[in-house]
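I opened this notebook to record what I looked up in the structure shown below. The entries follow the order in which I consulted it.

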Amino acid sequence: VQLQASGGGTVQAGGSLRLSCSASGSIFSINTMGWHRQAPGTQRELVARITRGGTTNYADSVKGRFTISRDYTKNTVFLQMNSLKPEDTAVYYCRTGVVTPSTSYESVYWGQGTQVTVSS
């Protein structure tokens, strides 16, 4: 299973970016998909996640500004980021729980990370 993330970049404060992450490979089902981020010198933190049933959770720091969604037919998760702030600067990683045809349990996979830089 591979996760391919894209959409990062540099934007001025107040701007927007949209991240996407697609899962491919031997996939039976995908459960929760989400985004985490890690700024230099900090621990990786949850930004947002969306369950198989569509329930969403957000970090308090991004509520009202970020929206997570997914395309079930394309095994893709999106993160629409609006009103970006310099403190949103970090490497963003997608994370997903996947059940493969050869197993009966969920394994967690991480994408390669995409840099988001917000200038003031």
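**Disulfide and strand pairing**

I looked first for cysteine links: Cys 21 and Cys 94 form a disulfide, with their sulfur atoms 2.0 Å apart. I note that the model is a predicted one. The pair joins distant parts of the chain, since Cys 21 lies in strand β3 (residues 17-24) and Cys 94 in strand β9 (residues 90-99), 73 residues apart. A disulfide is a covalent bond between the sulfur atoms of two cysteines. I recorded a total of 1 disulfide. The link of Cys 21 and Cys 94 is right-handed, with 45° about the S-S bond.

I then asked whether Cys 21 is buried or exposed. Its relative accessible area is 1%, so I entered Cys 21 as buried, the cut-off being under 20%. For Cys 94 I also read a relative accessible area of 1%, and Cys 94 is therefore buried.

I turned next to strand β4 (residues 29-38), which pairs with strand β5 (residues 45-50) in the antiparallel sense over 5 bridges. Within this pairing, I found Ile 50 of β5 as the bridge partner of Met 33. I noted that β4 and β5 make a hairpin with 6 residues between them. In its turn, Gly 41 has a positive phi of about 80°.

Which strand does β5 join through 3 bridges? I found strand β6 (residues 56-58), and the two run antiparallel. Here Ile 50 has Thr 56 in β6 as its bridge partner. The hairpin of β5 and β6 has 5 residues between the strands, and I recorded a positive phi near 100° for Gly 54 there.

Terms used:
Residues numbered from 1 in each chain as written. Predicted model: local features only at pLDDT ≥ 70, side-chain atom pairs only at ≥ 80, totals over all residues. Heavy atoms only, no water. Disulfide = S-S within 2.5 Å. Helix = DSSP H or I, 4+ residues; strand = E, 2+ residues; numbered from the N terminus. Buried < 20%, exposed > 50% of the residue type's maximum accessible area, 1.4 Å probe, protein only. Pairing = 2+ DSSP bridges.
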